[in-house]
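Hello,

Here is the structure you asked to look at. My notes on it follow below.

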Amino acid sequence: MTTPLDAVALTRELLAFETINPPGHEQACAEHLARSLEGAGLSVRLHAFGDRRTNLVATVGGNGDRLPLCFTGHLDTVPLGAAPWRFDPFAGEIAEGRLYGRGSSDMKAGVAAFVVAASSLAERLTGTPGVALVITGGEETGCDGAAALARDDVLGRAGALVVAEPTANAPLAGHKGALWLKAVTRGVTAHGSMPELGVNAVYKAARAVSRLEDFGFNLEPHPHLGKPTLNVGSVHGGLNINSVPDRAEIGIDIRTVPGLDHDRLRHGIAGYLGDDVELEPLVDLGPVWTDPRDPWFESVLNTVAAVTAERTGIRTAAYFTDASVLTPAYDGPPTVILGPGEPTMAHQTDEYCRIDHIEQAVEIYRRLILRWCGLA
Ligand SMILES: [Zn+2]
């Protein structure tokens, strides 16, 4: 075994790899983690899903009777944005207890924390249910890496899932799903001075947009995730002012809650909009929800409270996570979203993660592993 890792130092190492997505070249960063995890005694599998696009699955322990505890996090980050940074986004600068960098909160600190927790306990996990680490690429563009892992059947199994996305170490019970649709209307082009010779696709799109504003889901609000929502985020149609447009496109962003089947919803909207509109899914990620009375979830709340001395009510995330793919792929194990990053810092200029939260997350994850594996 190599020297025990320090999670802040490991976060700084991960920040030095530029993994902005797109294009999201996670390979070098994943290979760096693979060497570290192998050094700590875990079995590691790298999984390519495109040009320099890489996922990593690492396991340790496993006794056949009880499934492992799975931790997941992604290595890709969003772009830097247009505003200038005060701190170098790749240097891992530390100031006033904060570690700065693109991906510090979302979510290289979370990955580093569970990698360090699992590595530090690896030698003790032989013969226990063990741990699986699922480290993905391509999350920011719609869980592409996780979907590739599920498709290629390399996930293995898991009895519970910890998603180390930024929650400032507060355990969250779930998040809404996302169904993003592209709606296309078609017409026949003609000179703008003779519109009677054409069929105007923009008029069809305008009627569809008006219909969408009145769309009702007919569903009781979820007690914690609330109501589903629908927003028309974009409308594009026509090429020039003096032609009848023969094509228009509408971008529809639907956020769903448990009980709303995405296929049925899509067919419902298609029927509601009628034959003038073609619908195509762009992102299709289901909601994630764990009943807070689930015994493991309750034990997570207790573990977090013991480490942080804070007990939060039942809370949910505003964003979606890889759990939309992984939880169903693992047949619905209890899932908690719990990580050291600052939720308000995700995707921001001068993104940072609090150092004390990184150390606290390592301690929480270590206790979750010890408990799961019957060592505490
Ligand atoms: Zn994230």
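Strands β9 (residues 177–186) and β11 (residues 247–256) pair antiparallel over 10 bridges; within this pairing, V184 has E249 in β11 as its bridge partner. β11 is also joined to strand β10 (residues 229–237), again antiparallel, by eight bridges, and here S234 stands opposite G251. Please keep in mind that this is a predicted model.

The zinc ion has as its protein donors H74 (NE2), D106 (OD) and E165, the last listed with two OE entries, at 1.9 to 2.7 Å. The donor residues follow the spacing H-x31-D-x58-E in sequence. H74 in strand β3 (residues 69–74) and E165 in the loop between β7 (160–163) and β8 (172–175) are 91 residues apart, so this pair links distant parts of the chain. Both H74 and E165 are buried. Angles among the four donor atoms run from 53 to 141 degrees, and the site is irregular, because four donors count as tetrahedral only if all angles lie between 85 and 135 degrees.

Some backbone details are worth checking by eye. Most residues other than glycine have a negative phi, and most peptide bonds are trans. The bond from N21 to P22 is cis, with omega near -5 degrees, and the bond joining P22 and P23 is cis with omega about 0 degrees. P22 sits in the loop between α1 (7–15) and α2 (27–39), as does P23.

N169, in the loop between β7 and β8, has a positive phi of about 65 degrees and is buried at 3% relative accessible area. A309 has a phi near 60 degrees; it lies in the loop between α7 (295–308) and β14 (315–317) and is exposed at 70% relative accessibility.

Regards

How values were computed. Residues numbered from 1 in each chain as written. Predicted model: local features only at pLDDT ≥ 70, side-chain atom pairs only at ≥ 80, totals over all residues. Heavy atoms only, no water. Donors = N, O, S within 2.8 Å, 3.2 Å for Na, K, Ca; no water. Tetrahedral: all angles 85-135°; square planar, octahedral: opposite > 155°, others 65-115°. Helix = DSSP H or I, 4+ residues; strand = E, 2+ residues; numbered from the N terminus. Buried < 20%, exposed > 50% of the residue type's maximum accessible area, 1.4 Å probe, protein only. Pairing = 2+ DSSP bridges.
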